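Biologist: Could you walk me through this one? I'd like to learn where the labels come from.

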Amino acid sequence: MRKTKSLHPSTLVIKTSLSLFFALFLGLARPDPDPLQDYCVADQKPPQAQSVFINGAACINPKLVVPSHFATSALGKPGNTRANAFRFNVTLASIANLPGLNTMGLTMARVDIGPNGLVPPHAHPRASEVTICLKGSLLVGFVDTTNKLFTQQLRAGDSFVFPKGLIHFLYNLDSGSEALAISGLSSQNPGAQIASLATFTSKPLLPDVVLEKAFQITGQDVMRIRKNLGG
Ligand SMILES: *[C@@H]1O[C@H](CO)[C@@H](O)[C@H](O)[C@H]1NC(C)=O
């Protein structure tokens, strides 16, 4: 009779953790890269008919790179906070005006908020955000997945962090002057989804019955909120 070699359970655990450690350490096992777009519908054409699609932007020839590719003045000018009903304006330093950011996993944002203006509850599906209040007085906060609210009042010089994907807001408590915040985001394409606009002004519209039941409101309420939000 053949004798089967059996491992002591603790030896097995050590062997498994060691091989896992080496696989991760040597880069043999890697998670998928984070997608930089909302979706990536599979191209089902045969390979010979496909053009090239990559996650992010292609690189220019490294020999042609100059220092100005890593600089921008985009955040120096305030955005117009009177152009929308919420009275906020976000100006981005992204690969559009700062091409050196490509593949670095970063975006920077200048957030101007008018008197009593609000950056309404929204989420960035691909980025955490750290913000510093440079001017004014901001009430900021986020809601975690257990529905707990974390909120703080920021004055000039104070920072706050919004965890990736969680609903958050910034409100200018001052009724007399503009507030200014600068945010760093941990993706070159953070994405932004404003909760009220996503639910009430999507194109095409969500069925009224879905909103009536979700928010426990009437059809008239749905119409009124849509109109208020410009949908
Ligand atoms: C932000 O401000 C710029 C000009 O400063 C303006 O063109 C743009 O429409 C504003 N955006 C929003 C969403 O209000």
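Biologist: Which residues does the UniProt annotation "binding site" cover?

Modeller: According to the unreviewed UniProt entry, they are His122, His124, Glu129 and His168. They're spread over 47 residues of sequence, yet they cluster in space, with a largest C-alpha distance of 12.0 Å. Careful, though: UniProt annotations may be inferred rather than shown by experiment, and their positions are given in the numbering used here. Before we go on, this is a predicted model, where local features need pLDDT of at least 70, side-chain atom pairs count only at pLDDT 80 or more, and totals for chains, interfaces and linings use all residues. Residues are numbered from 1 along each chain as its sequence is written, and side-chain values use heavy atoms, with hydrogens and water left out.

Biologist: Which residues are around the ligand?

Modeller: Pro78, Gly79, Asn80, Ala83, Asn84 and Asn89. They count as near because each has a heavy atom within 4 Å of the ligand.

Biologist: What makes the link between Asn89 and the ligand a polar contact?

Modeller: A polar contact is a pair of N or O atoms within 3.5 Å; within protein, one must be able to donate a hydrogen and the other to accept it, and residues adjacent in sequence count only if both atoms are side-chain atoms. A polar side-chain atom of Asn89 lies 2.3 Å from a ligand oxygen, so the pair qualifies. For Asn84, a side-chain N or O atom is 2.9 Å from an oxygen of the ligand. Asn80 uses a backbone N or O atom, 3.0 Å from a ligand oxygen.

Biologist: Where is His122 found?

Modeller: In strand β3, residues 118–123. Strands (E, at least two residues) and helices (H or I, at least four) are DSSP runs, numbered from the N terminus.

Biologist: What is the phi of Thr103?

Modeller: About 70°, so positive, although Thr103 is not a glycine. Thr103 is in the loop between β1 and β2 (107–113).

Biologist: And what kind of peptide bond joins Lys203 and Pro204?

Modeller: A cis one, with omega at about -10°. Pro204 lies in the loop between α2 (195–200) and α3 (208–215).
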